[in-house]
Amino acid sequence: MIYGLLVDVSKCTGCKSCVVGCKNWHGIPGGEQGRIRIMDMTTGEYPNVSRWIFPVMCMQCDYPPCVSVCRYDAGFIDTHGIVSVDPKKCVGCELCTLACPYGARTMGQKGKAAKGCDLCMDRVQAGQLPYCVETCPTDALIFGDLDDPQSAISRLIQHEGAQPLKKKFRTHPKVFYAHLNRDLPGFSR
Amino acid sequence: MNMQKTHVVPTMCHGCSYGGYNCGVLAHVRDGRFARVEGNPHHPLNRGKLCAKGQSAVQWVYNENRLKYPLLRKGPRGEGRFIRISWNEAMEITAGNIMEIRERYGPEHIILSKGQSSSWGGLHHLLWMRFLHALGSVTFSNWGPSVCYAPQLMYHQQVIGGPTYARPDYEHADLIIEWFTGGGKGGPARGGVETLDTNLRSVPRKIIERLKNGAKLVIINPQLIPLGANGRAYKWLPIRPGTDGALALAMIHVILKEELYDKAFVSEWCDGFAALADHMKQYDPAWAEKITGIPAQEIEGLARLYATTKRACIRVSEAPQKKDLRSFATTIPILMAITGHLDRPGGNVWFFPAGSLGFSTLSERVSQKAREQVLGADTFCIRSSGKNSAFSHSVINALVTGKPYRPKAMLIFGSNPLSTARNPRLVTEALQKLQFLVVVDVVPTPTTRYADLVLPAATRYECSHQPAFWENHLAMSRKVLDPLWEARDELEVTLDLACRLGMEKDFWGGRYETMVNDFLKPVGIALDELERNAIQGIYLPRTKWMDSRERFDELFKDLPNGKIQLSNRILEEEGFEPFPVYHGEPEDLLNAPELARTYPLLFTDEHSDYINHHSWMRDIPWLRELRKHPVAKIHPVTAEKYRIRNGDWIDIVSPHGKMKAVALLFHGIRPDTIMAQHGWWQGCESPDITEASPLEGGTNPNVLYNWDHMDLLNGDITKNTLVRIERASPPDSVSPIEKGI
């Protein structure tokens, strides 16, 4: 079972419920970088402007630079494909935060272990959805098993032509974006 | 291993108000500490979802910035020096002052004021009205609704009747027009949709679902709101702020000219059609193009699309805030009516609840003499509504000028007029004229600086059972934790005060639960029954009436002749034109070309957004870190002209005042328009930001408007002016109030 996430951009209103919700659920204090952030950008010239708003989080890459760059073997991919950090091995050198092309690897307090999204594994193992998926007011986030071709997420990836962000980095993310502008500078290709 | 005891308390969110029917919340309490929240999946409003504000509940409750103890003013008004006193002392001082003022000057000298924080029409609202009436006063004054919901509703009801606005029936619509008018709320908050919160009636979700089914979304707004992002907008019509009335009139012109109106509906249910058609001839799309900045062919296209789409709804901002409100607010219902979109599926329909909660507010206790003396009794809106409340504009004028008399005492529950009312300088002058001012709030505000007594209110999470009702669902908020520090439930404070004033007979002997049971009585459900249904709440059977449509007989029954007033007799009797006549806002590019030479840009502000609500919640770290300072949106081409870069502090200067904001360069806004944000003043501990002044040179857009530019019938005040901008220093910080020991 390999878990993944799909962002249906056509449903996202940028309300930041996921951003603050993640901090609420995991008790991440104010001032500490959160695990989700919202991109808000425009394309075109007035009045023919399009606006694009979507969340960016850990992409759960198959080839994660944050893991390969780690000199202390702290970063690893678990059996469900989730990119994780062993806090016992991590020395807090912050190299992984620089390596991530998505800016998604975060530090807790300075000098402590690096952190990142684990797709709320504790919730998932208890039969619940990741908190951001559960709380999204417009159901723009879809979570599921990428191994199962019949899962909602697999079918959506196929039918909606969902793609990862910044494919050029070839990290093979397991977070997919549906209905995003294909020519969004810096993101789509 | 750490053995932690966790239990979950089903309650309701405090985010948008603390008395109202809000989203359902499951509050997790770990070892006696309120640890986190999640949405209640059984609550029909939010189905397990929560918005950013709701998610921040824990930081709202455990906020070191909160008011902790009753405070008595020490220094001069406005200086912010207080000493801590006991609740008993505070209540004795309050009761003593009320008693003395009532006896010496008369009950009308006691003003009660509340804000959005405790919602409208719920338990808090009714209790406070009852308290005021039992004293013999109707001097209820508020700052929000007098420029927000009420003025536009008055015009809607004059034209099309009904108990409330005719609201969009999103679930069945094939065309959704989101008409945020460049004044008032409903900006990016709430997905650009005017609702009480992000999830209320799940509006963004409903709209998005309809779009997936092929419905079209049109955004009429000076800025491209988030709802129209991500390819969702079929059209974005960037209108000049304040000119919406001209667009609506031109749409009617096209619909009449091309005979696209609903002939059967018009002949059966509308009065004055022929005269209206004649009147509308002057308002052609070419005329409207010059005013609104929207090309004539776009106006024609929109008019045709709306008239020919059978299931089409319009959402207008609840708070257009115009001097020329009359032309806009009477045109919109006419547009809905002649196209046959009223009370039909997918159009604009009326929602009726299956019941309502409440107890008597004892309004019969107020003498006719006291009613006649209520401030603003001669204004149309107070006169026509039976002199049940005061007119806020008249209250401020009376305090400042002493005419017709100067009221002596004011009790403010959860309202911050210094930030939210127009002309904050005048408000401070008015508050200083009071003999006795009590402010009850959760946090210190600019208004508390002027109080004699500041009382710490508990958040909703610290208060006992408060039932609330929506459509046919009865829900209740519950106490999650005991009040922190010495904060107290405002309902308990009010009951306590009533008893100290010798009114215990009218206030259930001060017993909270008896009051709540009385509040529940109209739906025949007892408190303990509701208590047993904590998570689900209780559903009343839906009435057939709720779910039927085309209820025209009933809806229009109070209108003259039982028909829609295309020619408005009520206005005619008041000496106004019976048809909408476009005047526009006094300070815009066409009406004030002289002024525009010095102040070349259009200005308006937007209200709440995803991460704030009105003038509160800027002290919550999780929210404040997402936006540290109030922003003003500026088109990059305009910014370049004034050498302003993204993130620069700027001065925004109108003929009436100056405010500061951080420039946010945004391609999705009209280049001739600046949009700032309302409600910013508060400091925050993390990120470390100091308080800013709500007055001149601070961060309050209310200093920029001319508060005398108001609608003649109901005092709606303009939210449009002209400004110039320049790079500037950040605002001076204001030292926080000194809370004594």
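Which residue of E26(B) is the bridge partner of Glu606(B)? I would like to start from that question, and to say at the outset that what we are looking at is a predicted model. The partner is Gln677(B), and the pairing to which these two residues belong is a parallel one, in which strand E22 (residues 601–606) of chain B and strand E26 (residues 673–677) of chain B are joined over 5 bridges.

Staying with E22(B), there is also a pairing with strand E28 (residues 721–727) of chain B, which is in the antiparallel sense and runs over 3 bridges, and here Leu601(B) stands opposite Val723(B). As for its surroundings, 6 of the 6 residues of E22(B) are buried, so the strand is largely enclosed by the rest of the structure. That burial applies to both faces, with Leu601(B), Phe603(B) and Asp605(B) covered on one side, and Leu602(B), Thr604(B) and Glu606(B) covered on the other. You will notice that Glu606(B), the residue I opened with, is in the second of those two groups.

A loop residue of chain B comes next, namely Gln223(B), which is found between strand E10 (216–220) and strand E11 (235–237) of chain B. Is Gln223(B) buried or exposed? With 26 other C-beta atoms within 10 Å, Gln223(B) is buried, given that the cut-off for calling a residue buried is 20 or more. Leaving aside residues up to four places away in sequence, Gln223(B) touches Lys633(B), Gly668(B), Ile669(B) and Met675(B). There is also a distance to report within this part of the chain, since the C-alpha atoms of Gln223(B) and Trp236(B), which are 13 residues apart along the chain, are separated by 8.6 Å.

Let me move to another strand of chain B, E15 (residues 409–413), where 5 of the 5 residues are buried, so that this strand too is largely enclosed by the rest of the structure. Ala409(B), Leu411(B) and Phe413(B) point one way from E15(B), while Met410(B) and Ile412(B) point the other way, and all are buried. E15(B) runs parallel to strand E6 (residues 110–114) of chain B, to which it is joined by 5 bridges, and in that pairing Leu112(B) stands opposite Leu411(B). With strand E16 (residues 436–441) of chain B, E15(B) again runs parallel, through 5 bridges, and the partner of Ala409(B) there is Phe436(B).

Both E15 and E16 of chain B reappear when we ask what covers helix H18(B), because the cover of its buried residues includes helix H3 (87–105), H4, E15, E16, strand E17 (453–456) and helix H19 (512–520) of chain B. The buried residues themselves are Glu490(B), Leu491(B), Val493(B), Thr494(B), Leu495(B), Leu497(B) and Ala498(B).

How do H4 and H18 of chain B pack? Helix H4 (residues 123–135) of chain B and helix H18 (residues 490–500) of chain B have axes 10 Å apart and an angle of about 15° between them, which makes H4(B) roughly parallel to H18(B), and their crossing is left-handed. From H4(B), the residues that meet the other helix are Leu123(B), His124(B), Leu127(B), Trp128(B) and Phe131(B), and they face Glu490(B), Leu491(B), Thr494(B) and Ala498(B) from H18(B). By class, that contact has 6 nonpolar, 2 polar and 1 charged residues. On the general point, an α-helix has 3.6 residues a turn, so residues three or four places apart point the same way. After H18(B) comes Gly502(B), whose phi is positive, near 80°.

Turning to chain A, there is an open sheet of 3 strands in the order E8-E1-E9, with mixed pairing, and its edge strands are E8 (141–145) and E9 (175–178) of chain A. The twist averages 25° from one strand to the next. Strand E1 (residues 3–8) of chain A runs antiparallel to E8(A), with 5 bridges between them, and one of the partnered pairs is Val7(A) with Leu141(A). Helix H6 (residues 152–160) of chain A packs on this sheet, touching E1, E8 and E9 of chain A, and its direction makes about 115° with that of E8(A).

Finally, the interface: 33 residues of chain A are in contact with 39 residues of chain B. On the chain A side, helix H1 (17–26), strand E3 (50–56) and helix H5 (131–135) each supply at least two residues, and H1(A) gives the most, with 7 residues. That side of chain A divides into 13 nonpolar, 14 polar and 6 charged residues.

Methods. Residues are numbered from 1 along each chain as its sequence is written. Chains are lettered from A and ligands numbered from 1 in the order in which they are written. This is a predicted model: local features need pLDDT of at least 70, side-chain atom pairs count only at pLDDT 80 or more; totals for chains, interfaces and linings use all residues. Two residues are in contact if their C-beta atoms, placed from the backbone, lie within 7 Å. Helices (H or I, at least four residues) and strands (E, at least two) are DSSP runs, numbered from the N terminus. Ala, Val, Leu, Ile, Met, Phe, Trp, Tyr, Cys and Pro count as nonpolar, Asp, Glu, Lys and Arg as charged, and the others, Gly among them, as polar. Axes are lines fitted to C-alpha atoms, for helices over the stretch in contact, and angles run from 0 to 180 degrees between N-to-C directions. Angles under 35 degrees count as roughly parallel, over 145 as roughly antiparallel, 65 to 115 as roughly perpendicular and the rest as oblique. A crossing is left-handed if the near helix is turned anticlockwise from the far one by less than a right angle, and right-handed if clockwise. Two strands pair if DSSP finds at least two bridges between them. A residue is buried if 20 or more other C-beta atoms lie within 10 Å of its own, exposed if 12 or fewer, and partly exposed in between; C-beta atoms are placed from the backbone.
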